[in-house]
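Please find below a short note on the structure, set out as numbered points. The note concerns the ligand site, the pocket and one peptide bond.

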Amino acid sequence: MNDCLFCKIVKGEIPSSKVYEDDKVLAFHDIDKKAPVHVLIIPKKHVDSIAALEATDFDTVAHIMRVAQKLAEELGLSDGFRLVANTGKDGGQTVNHLHFHLLGGRSLGWPPG
Ligand code: 5GP
Ligand code: ZN
């Protein structure tokens with residue numbers, strides 16, 4: 001998807017503040033953070049959302065869970081954190097490239113609005 005914002009970040013066409021990268025996954029700070037720690041973890045391969053995942057994508061999703069666990073530890077979120085993937089219109093998704101928000105560093109409210 002040529003016009004996808006996060007694909008452009010993956011390709012380095014748009015700068016980002018990276019916190020982790022490997023061959024399958026990229027993690028970078030959200031540009032408009034909603035908590036003291038707010039990192040986005042994305043697959044490098046374009047997938048629209050959780051709703052669009054195909055069977056061959058789930059190994060990468062499992063890998064993202066491992067990256068999230070590692071980053072939560074490295075970023076000092078020992079009191080807890082939230083990992084969330086807004087999906088579709090009702091889910092509040094605004095960038096249509098799958099991403100997991102890793103949020104922490106304060107007590108997070110529940111339920112979401
Ligand atoms: P969504 O609303 O789709 O769940 O999350 C999209 C997130 O991407 C938002 O939290 C927004 O702040 C973040 N975002 C949008 N554009 C950029 C950008 O150019 N760079 C970075 N680092 N984050 C962005
Ligand atoms: Zn994309």
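The points below begin with the ligand and end with the backbone.

1. Status of the model. The structure is a predicted model, and the points that follow should be read accordingly.

2. Surroundings of the ligand. Ligand 1 is surrounded by 17 residues. The closest of them are Asp30, Asn86, Thr94, His99 and His101. Sorted by class, this shell holds seven nonpolar, seven polar and three charged residues.

3. Polar contacts. Two histidines approach oxygen atoms of the ligand through their side chains: a polar side-chain atom of His99 lies 2.8 Å from an oxygen atom of ligand 1, and a polar side-chain atom of His101 lies 2.8 Å from an oxygen atom of ligand 1. Val95 takes part through its backbone, with an N or O atom 3.0 Å from a ligand oxygen. Of the 520 Å² of accessible area that ligand 1 has on its own, the protein covers 85%.

4. Location of the ligand. Which pocket does ligand 1 take up? The space that ligand 1 occupies is the largest pocket. Two elements, α1 (5-11) and β2 (25-29), give two or more residues each to the shell around the ligand. The largest share of that shell comes from α1, with three residues.

5. Dimensions and lining of the pocket. The volume of the largest pocket is about 790 Å³. Its lining consists of 32 residues, and those closest to the pocket centre are Asp30, Lys34, His38, Leu40 and His101. Asp30 and His101 are thus listed among the closest residues to ligand 1 and among the closest to the centre of the pocket.

6. Composition of the lining. By class, the lining of the largest pocket comprises 15 nonpolar, 12 polar and five charged residues. At least two lining residues are supplied by each of α1, β2, β3 (37-43), β4 (81-84) and β5. The largest share, three residues, again belongs to α1.

7. A backbone feature. What kind of peptide bond joins Trp110 and Pro111? The bond is cis, with omega about 0°. Most peptide bonds are trans. Pro111 is located in the segment that comes after β5 (100-104).

Conventions: Residues numbered from 1 in each chain as written. Chains lettered and ligands numbered in written order. Predicted model: local features only at pLDDT ≥ 70, side-chain atom pairs only at ≥ 80, totals over all residues. Heavy atoms only, no water. Near = heavy atom within 4 Å. Polar contact = N/O pair within 3.5 Å; in protein donor to acceptor, adjacent residues only side chain to side chain. Areas by Shrake-Rupley, 256 points an atom, 1.4 Å probe, with all protein chains shown as cover. 1 Å grid on protein atoms, 1.4 Å probe; cavity = no way out; pocket = protein on both sides within 12 Å on 5 of 7 lines; lining within 4 Å. Sits in = over half its atoms within 2 Å of the grid points. Helix = DSSP H or I, 4+ residues; strand = E, 2+ residues; numbered from the N terminus. Nonpolar A, V, L, I, M, F, W, Y, C, P; charged D, E, K, R; others polar. Points joined across faces, edges and corners; volume = space filled by probe spheres on them.
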